[in-house]
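This report describes one protein chain, from its overall surface to single residues. Look at the sequence and the structure below before reading on.

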Amino acid sequence: MSSLIEEINVKIKDAYEVLSPVVHHTPLMPSKTLSDMTKGEVFLKLENFQKTGAFKVRGAYYKLSRLKGRESVTRVIAASSGNHAQGVAYSAAALGMEATIYMPRYTPFYKVNATKSYGAQVVLHGETYDEAYQKALEVANAQKIPFIHPFEDPEIIAGQGTIGVEIFKDVSNIDMVLVPVGGGGLISGIAIALKKLNERIKVIGVQPSGAPAMYLSYKQGKLVETPNVFSIADGVIVKKPGELTLKIMQEVVDDVVLVDDKDTARAVFTLLERAKTVAEPAGALSVAALLSGVVDAKGKKVVAVVSGGNVEPSMLARIINQTLFVEGRQVKIRGVLPDRPGQLKRVIDVIAQLGLNIISIEHERVNPLVAPGLAEVVLGLEVPSREVIKLLIIKLKEQGLDFEVV
């Protein structure tokens with residue numbers, strides 16, 4: 001391996017000693033559900049149980065502790081729209097340092113408040129992360145304050161690499177580790193640690209198809225910028241990855257794959273329902289790769305890194321509701337009824353006979369597309385299967401009630 005890899009591996013060993021009394025050694029939990037679905041043996045590395053709710057505190061604390069030890073630094077600056085902000089804020093407070101975090105102006109309030117709760121000063125600047133990042137760099141350079149980069153730093157990478165050490169200590173005979181990828185700091189650290197412990201372990205990165213900068217860079221062997229990006233996995237949206245992380249990944253990472261937002265939403269839902277754990281969309285990318293089949297786990301012992309659990313409650317609610325509809329466990333049916341007493345009861349009686357639960361009723365009398373004297377009705381239902389939906393439509397038609405699935 002290159003001297004760079006060797007250098008960072010030495011730092012990973014040091015980081016493990018520094019971080020052991022500070023961060024959680026997070027659970028490596030077997031998942032029977034995912035094992036059955038993939039025909040492999042799947043374990044979840046639950047970094048959503050980490051302090052601040054994500055892996056970022058590892059790299060942040062190690063970096064700040066080294067700065068404090070080497071240079072007696074008392075103040076740092078960072079830019080982030082989420083987990084890195086909280087990791088730096090928490091670490092600075094724990095080490096008796098001051099932290100100023102630049103965040104985009106439209107960062108959700110819960111992320112801003114969480115960062116402030118750890119004692120950091122938050123400055124809202126710009127419309128995007130890139131604008132906040134540039135401003136933070138400008139201030140850091142002008143005031144000669146260390147800037148804490150989220151991934152393009154050997155000590156940040158080393159801190160994240162301690163996850164690989166923990167995985168190997170808990171289950172050494174693994175075949176593959178799946179890791180969410182944004183800028184590449186997390187997977188770089190994990191891959192270095194694991195390849196030094198057992199070079200046959202495959203390390204595969206997972207990135208959203210709507211923000212594929214590192215995927216394209218890795219495949220093409222050069223930095224690729226993607227100016228137009230969108231994904232529900234906002235924690236890994238990076239328009240341009242780092243030179244350092246790309247160099248490392250090309251040496252120690254075996255592949256990078258893409259998953260779409262539908263698969264990511266399904267992964268969040270599956271983790272919530274079956275593993276009883278809350279993952280943010282970015283944190284669930286590794287599980288999305290398994291569920292979508294872009295990574296074949298059949299007959300293999302696989303670790304999926306769940307990198308964080310800081311999901312906005314409204315986003316989680318949308319994911320749950322949409323997934324229930326996609327899987328046919330909730331459904332909306334629509335029909336037109338005579339606008340007179342007793343007609344809606346006829347529909348409800350049929351629904352009750354099949355033992356279904358009504359979760360919403362919309363009764364529209366003024367729709368210009370509906371003839372006078374009629375009313376459009378849309379009902380939201382909980383159903384056990386798609387077959388029951390078909391049976392419901394048939395039963396309604398037998399009663400002279402013409403409904404369709406929306």
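About 17,700 Å² of the chain is exposed, and carbon and sulfur atoms supply 51% of that area. The model is a predicted one. Of the 406 residues in the chain, 54% are buried. The C-alpha atoms fill a box of roughly 80 × 50 × 40 Å along the principal axes.

Charged side chains come next. The chain has 47 positive and 44 negative side chains. The centres of these two sets lie 2 Å apart.

The secondary structure consists of 15 helices and 13 strands. Contacts can also be sorted by distance along the sequence: among those between residues at least 6 apart, 72% join residues at least 24 apart.

Strands of a sheet pair through backbone hydrogen bonds, in either a parallel or an antiparallel way. One open sheet here has 6 strands in the order S1-S2-S9-S6-S7-S8, and its pairing is mixed. Strand S1 (28-30) and strand S8 (255-259) are the edge strands, each pairing on one side only. From one strand to the next, the twist averages 25 degrees.

Helix H12 (residues 285-292) packs on this sheet. The helix touches strand S2 (41-46), strand S6 (176-180), S7, S8 and strand S9 (301-306). The direction of H12 makes about 135 degrees with that of S9.

Two parallel strand pairs can be set side by side.

| Strand pair | Bridges | A bridge in the pair |
|---|---|---|
| S7 (residues 202-208) and S8, parallel | 5 bridges | isoleucine 204 with aspartate 255 |
| S3 (residues 75-79) and S4, parallel | 5 bridges | alanine 78 with isoleucine 101 |

In the S7 pair, aspartate 255 is the residue that belongs to S8. In the S3 pair, isoleucine 101 belongs to S4. Strand S4 (residues 98-103) is mostly covered, with 5 of its 6 residues buried.

The last part follows a single residue, methionine 315. This residue is placed in helix H13 (residues 313-326). Is methionine 315 buried or exposed? Methionine 315 has a relative accessible area of 17%, and buried means under 20%, so methionine 315 is buried. Which distances separate methionine 315 from isoleucine 232? In sequence the two are 83 residues apart, while in space they are 8.6 Å apart, C-alpha to C-alpha.

Terms used:
Residues numbered from 1 in each chain as written. Predicted model: local features only at pLDDT ≥ 70, side-chain atom pairs only at ≥ 80, totals over all residues. Heavy atoms only, no water. Pairing = 2+ DSSP bridges. Helix = DSSP H or I, 4+ residues; strand = E, 2+ residues; numbered from the N terminus. Axes fitted to C-alpha atoms, helices over the stretch in contact; angles between N-to-C directions. Contact = heavy atoms within 4.5 Å. Buried < 20%, exposed > 50% of the residue type's maximum accessible area, 1.4 Å probe, protein only. Areas by Shrake-Rupley, 256 points an atom, 1.4 Å probe, with all protein chains shown as cover. Lys, Arg positive; Asp, Glu negative; His and termini not counted. Charge placed at Lys NZ, Arg CZ, Asp CG, Glu CD.
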